[in-house]
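This report looks at aromatic rings and their neighbours. Please view the sequence and the structure first.

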Amino acid sequence: MHTLIHHPLCAASRSVRLALAECGEAFVLREERPWAWRAEFLELNPAGSTPVLLTANGVALCGAYAISEFVAETAPSSPSNRYGLFPGSAEERAEARRLSDWFHRKFYDEVTLYLVEDKLFGALSRQGASVEPALLRAARDNLRYHLSYVGHLMEQRRWLAGPTLSFADLAAAGHLSALDYLGEVPWEEFPAAKDWYARLKSRPSFRPLLEDRAPGVPPHPSYADLDF
């Protein structure tokens, strides 16, 4: 069985948890505090970041990109994995990868880095560091831009990359669910994005995420509400 080393509010880890669950892969979770820079963890991933997947064969795979491709290639075919993580034609698979990169790179750099990692992880690490208010304002403005883009995509497609669920949706959900835990997402301003997220939130793969709790940081009251 695979072991996923993660932090409950690490957006990239959340996307991988969803991917493993959607593909019917059994796995266990091992929590890591990435800010601690433990020597044992750095031996597994010199970058010091989560997620890391320890495969059943004992190989350490680091990062959401590598793990998602591994799961896409190795997960057994099943009713829950009918389409896979990168479904469709070569062009459609490329679009799923483009949007996965959009959320794990651009969205992370412009939103998650400030509203989750710098703000929350800094507090959890007891360093006392605070994020400049101007950076938080910019991140919240950027979040609205990204939610508008999700809404634009949903006007043309059933899922972000095309007619079926793909890793693009799970990458986006990993970031937005972490922000939703903190009550940072203005869903009412973006009804198309909210409808898309509600469909994801109601899937069985999402249930364990809705049970997550970060010590000392309770979730927003509507976080686990499917009728948010």
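Is tryptophan 187 buried or exposed? Tryptophan 187 has 5% relative accessibility. The cut-off for buried is under 20%, so tryptophan 187 counts as buried. The model behind this value is predicted.

## Tryptophan 187 and its partner

Tryptophan 187 pairs with phenylalanine 228. Their ring centres are 5.7 Å apart and their planes meet at 70°, so the pair is edge-to-face. The two residues are 41 apart in sequence. Tryptophan 187 sits in the loop between α6 and α7 (191-201), while phenylalanine 228 belongs to the segment after α8. The pair thus links distant parts of the chain.

Phenylalanine 228 has 15% relative accessibility, so this residue counts as buried too. Ring pairs join both residues into a cluster with Trp196, Tyr197 and Phe206.

## Another edge-to-face pair

The whole structure holds 10 aromatic pairs. One of them joins tyrosine 181 and tyrosine 223. This pair is edge-to-face, at 5.1 Å centre to centre and 70° between the planes. Tyrosine 181 lies in helix α6 (residues 167-181) and tyrosine 223 in the segment after α8 (207-210), so the pair ties together parts 42 residues apart in sequence. Both tyrosines, 181 and 223, are buried.

## Charges over rings

Which residue lies over the face of phenylalanine 228? Lysine 194 does, at 5.3 Å from the ring centre.

Tryptophan 159 has a charged residue over its face as well. Here arginine 199 lies 4.3 Å from the ring centre.

Terms used: Residues are numbered from 1 along each chain as its sequence is written. This is a predicted model: local features need pLDDT of at least 70, side-chain atom pairs count only at pLDDT 80 or more; totals for chains, interfaces and linings use all residues. Side-chain values use heavy atoms; hydrogens and water are left out. Rings of Phe, Tyr and Trp (its six-membered ring) pair if their centres lie within 6.5 Å; planes under 30 degrees apart count as stacked, over 60 as edge-to-face and the rest as tilted. Helices (H or I, at least four residues) and strands (E, at least two) are DSSP runs, numbered from the N terminus. Buried means under 20% relative accessible area, exposed over 50%, partly exposed in between (1.4 Å probe, protein chains only). A charge sits over a ring if NZ of Lys or CZ of Arg is within 6 Å of the ring centre and within 35 degrees of the ring normal.
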